[in-house]
Amino acid sequence: MKKLTLTTLAVATMLFTLSCGNKSEKETPSETKTEVTEKVEKADVESEATEAEESTGEVSEIVNIKKKWLDGDFGVYEDTSKPNIKQFAKVFCEQYPEYKPNKMFLEYLKNPKAYDEGKTGYSIDVREKNGFASCHLMGQFNSNLDCCYWICDNDHRLVAFWLDEDFEDDDLSACAIFFYDYDRVTGNMTPRPEWTVMIENAVKGFDAYNVELPVQGKDIIITKFTETEDEGFDTEEQIMKWNGQGFILK
């Protein structure tokens, strides 16, 4: 069963009003909110990594990515005025090529027509018009990458990456979602951890969860799982409703 990285409700409440749009002078400075979020995120990641390492000596590569993702911005260097989902995915995958789905997606981008999913074991789905792309392991377990982006009211792009590894050994299973703001003027992708915090607080107290990024439409679906006595699961869904600037949790 996937381990959950959980943050405090107080932090989620504070960050709930952040958006892609401009902030008024009366609002708390974004730098302060980011600093608080980073402290919470890093504390959770350290706890999760320590627990897994003590148990098995190994951790999912997703945990390693979570240790790094708040450290800084990175640039999108190809056609920054009209970016597409392949460009966003390429930049993210190049930052973290140790994660197998990222490595396979980069392999696909080298020559999409020559990519052999039967040989690699990973299927690729790119829907440029929908702003969505994925790389999924074709097997019994999950080793997946999903990514998509939204156009914000201020003409920025909010980009999301959902990573999910699910193995028989629970200690090697992990999942995480990462959000970035993309500014076409600077060409930079900047971490937006407040939406990660929102999701992690929404799944608090559940045994596992899944995040479904929109292939069509604009809303995110969070599915939460609770183990039952008969070794099954009860499920509960919540929607993160896109409002043009960010999300409202329904």
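Strand 2 (122-127) and strand 3 (residues 132-137) make a hairpin with four residues between them, and Gly131 in the turn takes a positive phi of about 65 degrees. Strands here are DSSP runs of E, at least two residues long, and helices are runs of H or I, at least four, with numbering from the N terminus. The model is predicted, so local features need pLDDT of at least 70 and side-chain atom pairs count only at pLDDT 80 or more, while totals for chains, interfaces and linings use all residues. Residues are numbered from 1 along each chain as its sequence is written, and side-chain values use heavy atoms, leaving out hydrogens and water.

The two hairpin strands pair in the antiparallel sense over six bridges, pairing being called when DSSP finds at least two bridges between strands. Within this pair, Ile124 sits opposite Cys135 of strand 3. Helix 5 (residues 100-110) packs on the sheet here, touching strand 2, strand 3 and strand 4, with its direction at about 65 degrees to that of strand 2. Touching means contact, with heavy atoms within 4.5 Å; the axes are lines fitted to C-alpha atoms, for helices over the stretch in contact, and angles run from 0 to 180 degrees between N-to-C directions.

Next along, strand 3 and strand 4 are joined by a hairpin through four residues and pair in the antiparallel sense over five bridges. Phe132 has Cys148 in strand 4 as its bridge partner.

Overall, seven strands form an open antiparallel sheet in the order 1-7-6-5-4-3-2. Strand 1 (74-75) and strand 2 are at the edges with a single partner strand each, so one side of each has no neighbour in the sheet.
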